[in-house]
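Colleague: I'd like to learn how to read a model like this one. Could you take me through it?

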Amino acid sequence: MKRLDLIRYLERHGCQLLREGGSHSVYVNRATGKASTVPRHREINDFLARKICKDLEIAAP
């Protein structure tokens with residue numbers, strides 16, 4: 001999955017960018033208070049994309 005597609009999906013489901021790290025972006029779901037990191041790679045493995053969504057407590061893409 002492309003990184004930009006995952007970020008758009010997260011933002012559509014209420015997640016917001018919390019901060020930028022050295023090699024990751026930290027997204028937070030304000031409704032649940034959960035946070036997860038998104039690596040800055042062009043392609044993100046489907047398993048990792050599902051784990052990020054599970055960490056943020058939103059439906060998997």
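Modeller: Sure, let's start with one residue: Asn29 sits in strand S2 (residues 24-29); helices (H or I, at least four residues) and strands (E, at least two) are DSSP runs, numbered from the N terminus. This is a predicted model, where local features need pLDDT of at least 70, side-chain atom pairs count only at pLDDT 80 or more, and totals for chains, interfaces and linings use all residues. Residues are numbered from 1 along each chain as its sequence is written, and side-chain values use heavy atoms, leaving out hydrogens and water.

Colleague: Is Asn29 buried or exposed?

Modeller: Buried means under 20% relative accessible area, exposed over 50%, partly exposed in between (1.4 Å probe, protein chains only). Asn29 is buried, at 5%. Its contacts (heavy atoms within 4.5 Å) include Gly14, Lys34 and Leu56, not counting residues up to four places away in sequence.

Colleague: Which strands does S2 pair with?

Modeller: Two strands pair if DSSP finds at least two bridges between them. S2 pairs in the antiparallel sense with S1 (residues 15-20) over 5 bridges, and with S3 over 6, also antiparallel.

Colleague: And how do I read a helix? Which residues of H2 are buried?

Modeller: An α-helix has 3.6 residues a turn, so residues three or four places apart point the same way. In helix H2 (residues 46-55), the buried ones are Ala49, Ile52 and Cys53. They fall within an arc of 95° seen down the axis (taking directions from the helix axis to the C-beta atoms), so they line one face of H2. Exposed Phe47 and Lys54 are on the face turned away from that buried side.
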